[in-house]
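This report goes through a protein chain step by step, from its strands to single residues. Please keep the sequence and the 3D view at hand while reading.

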Amino acid sequence: MAAMMTSEGRMSLTGSVMSSAGGSTTRFTTLSVTRPADGITHVELNRPDKSNAMIRAFWSEMVDCFNQIAVDPRCRVVIFSGAGKLFSTGIDLMDLTSDIRQLAGDDVARVSWNLRRFITMGQETFSVIEKCPKPVIAAVHGACIGEGVDLITACDIRLCTQDAWFQVKEVDIGLAADVGTLQRLPRVIGSRSLVSELALTARKMFSDEAKSCGLVSKVFADKEAMMAGALEMASEIAGRSPVAVQGTKINLIYSRDHSVPDSLDYMATWNMSMLQTHDVLKSAQAAMEKKSPADVPFSNM
Ligand SMILES: CCC/C=C/C=C/C(=O)SCCNC(=O)CCNC(=O)[C@H](O)C(C)(C)COP(=O)(O)OP(=O)(O)OC[C@H]1O[C@@H](n2cnc3c(N)ncnc32)[C@H](O)[C@@H]1OP(=O)(O)O
């Protein structure tokens, strides 16, 4: 697959075409996938003229994209951002209404059955981020609304610009958020009172409050500074042992959802094989020689 420089000086994997480890290619219409540096994949929401509103094609493209990233040994870390003037306004409202109206089924059971499948497909759109062993850094500028919040709460690290704002908007469109925010946001920001307030009132939360409550870990002056910061952070992660990095992501998520004893047990079983990696010896030796992990050549995984 050809790599080329984009007009912005980035290394591109032929625009919105992504190649999996096996070499098959997928063309995305709602996502742009590029490789700005070795080991780093940049996934960008790419419907800027429609405020990156999420249509049905986006749901399946997210699943394909992250399933491919999961098995792409060249990718060690992902940056996720939005093209245009804002991150995302959430679900495409035109799509939502027509999808619900067109649900098949000739009685309530069958319609409900199909609606359940529709909702679980929506959930998988964002769960794939969490299931992908490569860490994902969300970089948010401007508005992040509805499904945008579902998306970023499934990411491992969240950064934003000073002008960013977040809104759990679903109650305003007559529904309880059903594709991840109500399940993940309480685990991200800790205060159930604040989560309830945001989800029940749909009020906007601006960047300063997002930082103080822990939704984001860093706030940057503007998008350019944020993307540079995201790239620097991604480079730090990509330079470290993929055995250590991916094991850390997987065990952090496991421990979020399980008791401490269960998580310790899982960890022990995980590391009984992973500790046998060459990366431990190489890293320990580098540390003794006062070298940075970035100077150690770790093979891809
Ligand atoms: C089982 C799954 C269930 C999932 C549920 C998910 C729920 C949610 O995501 S709830 C959130 C829904 N989103 C919204 O309510 C936000 C709607 N948008 C806005 O309020 C405004 O766009 C905003 C205030 C954020 C920005 O306003 P601005 O004037 O700056 O831009 P616009 O002119 O409104 O937008 C530019 C074009 O984008 C189109 N667009 C924006 N958001 C959506 C959207 N969510 N769905 C469809 N289209 C959207 C907008 O129509 C403009 O298009 P055009 O008129 O062709 O220029």
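## Strand β8 and its partners

Strand β7 (residues 77-82) and β8 run parallel and are joined by 3 bridges, where two strands are said to pair if DSSP finds at least two bridges between them. Helices (H or I, at least four residues) and strands (E, at least two) are DSSP runs, numbered from the N terminus. The model is a predicted one, in which local features need pLDDT of at least 70 and side-chain atom pairs count only at pLDDT 80 or more, while totals for chains, interfaces and linings use all residues. Residues are numbered from 1 along each chain as its sequence is written, and side-chain values use heavy atoms, with hydrogens and water left out.

Within the pairing of β7 and β8, Ile79 has Ile137 in β8 as its bridge partner. Strand β8 is also joined to strand β10 (residues 157-161), by 4 bridges and again in parallel, and here Val140 stands opposite Cys160 in β10. Strands of a sheet pair through backbone hydrogen bonds, either parallel or antiparallel.

Why is β8 described as largely enclosed by the rest of the structure? The reason is that 5 of the 5 residues of β8 (residues 136-140) are buried, a word that stands for under 20% relative accessible area, with exposed meaning over 50% and partly exposed in between (1.4 Å probe, protein chains only). Both faces of the strand are covered, since Val136, Ala138 and Val140 on one side are buried, as are Ile137 and Ala139 on the other.

## A sheet of 3 strands

An open sheet of 3 strands follows the order β9-β11-β12, and its pairing is mixed. Because β9 (143-145) and β12 (205-206) stand at the edges with a single partner strand each, one side of each is left without a neighbour in the sheet. β9 pairs with strand β11 (residues 165-167) in the parallel sense over 3 bridges, and Cys144 stands opposite Phe166 in β11.

## The cavities

Phe166 appears again in the lining of a cavity. On a 1 Å grid over the protein atoms alone, a cavity is a set of points where a 1.4 Å probe fits but cannot get out, and lining residues have an atom within 4 Å of a point. Grid points are joined across faces, edges and corners, and a volume is the space filled by probe spheres set on the points. A search of the whole structure finds 3 cavities of 30 Å³ or more, and the largest has a volume of about 50 Å³. Among the residues that line the largest cavity are Val149, Phe166, Leu185, Met205 and Leu215. Its lining divides into 7 nonpolar, 1 polar and 1 charged residues, where Ala, Val, Leu, Ile, Met, Phe, Trp, Tyr, Cys and Pro count as nonpolar, Asp, Glu, Lys and Arg as charged, and the others, Gly among them, as polar.

## Two residues in helices

Val188 is located in helix α5 (residues 181-189) and is partly exposed, with a relative accessible area of 22%. Not counting residues up to four places away in sequence, Val188 touches Thr153, Arg158, Gly214 and Leu215, contact meaning heavy atoms within 4.5 Å.

Gln123 belongs to helix α3 (residues 108-131) and is also partly exposed, at 31% relative accessibility. Leaving aside neighbours within four places in sequence, Gln123 is in contact with Asp178 and Val179. The side chain of Gln123 reaches the backbone oxygen of Asp178 at 2.9 Å, which is a polar contact (a pair of N or O atoms within 3.5 Å; within protein, one must be able to donate a hydrogen and the other to accept it, and residues adjacent in sequence count only if both atoms are side-chain atoms).

## Residues in loops

Thr277 lies in the loop between α10 (260-274) and α11 (278-288), is buried at a relative accessible area of 18%, and its side chain reaches the backbone nitrogen of Asp279 at 3.0 Å.

Most residues other than glycine have a negative phi. The table gives two residues with a positive phi.

| Residue | Phi | Loop | Relative accessibility |
|---|---|---|---|
| Asn52 | near 55° | between β6 (40-45) and α1 (56-71) | 3%, buried |
| Ala202 | about 60° | between α6 (192-201) and β12 | 4%, buried |

Conventions: On a 1 Å grid over the protein atoms alone, a cavity is a set of points where a 1.4 Å probe fits but cannot get out, and a pocket is an open set with protein on both sides within 12 Å along at least five of seven lines; lining residues have an atom within 4 Å of a point.
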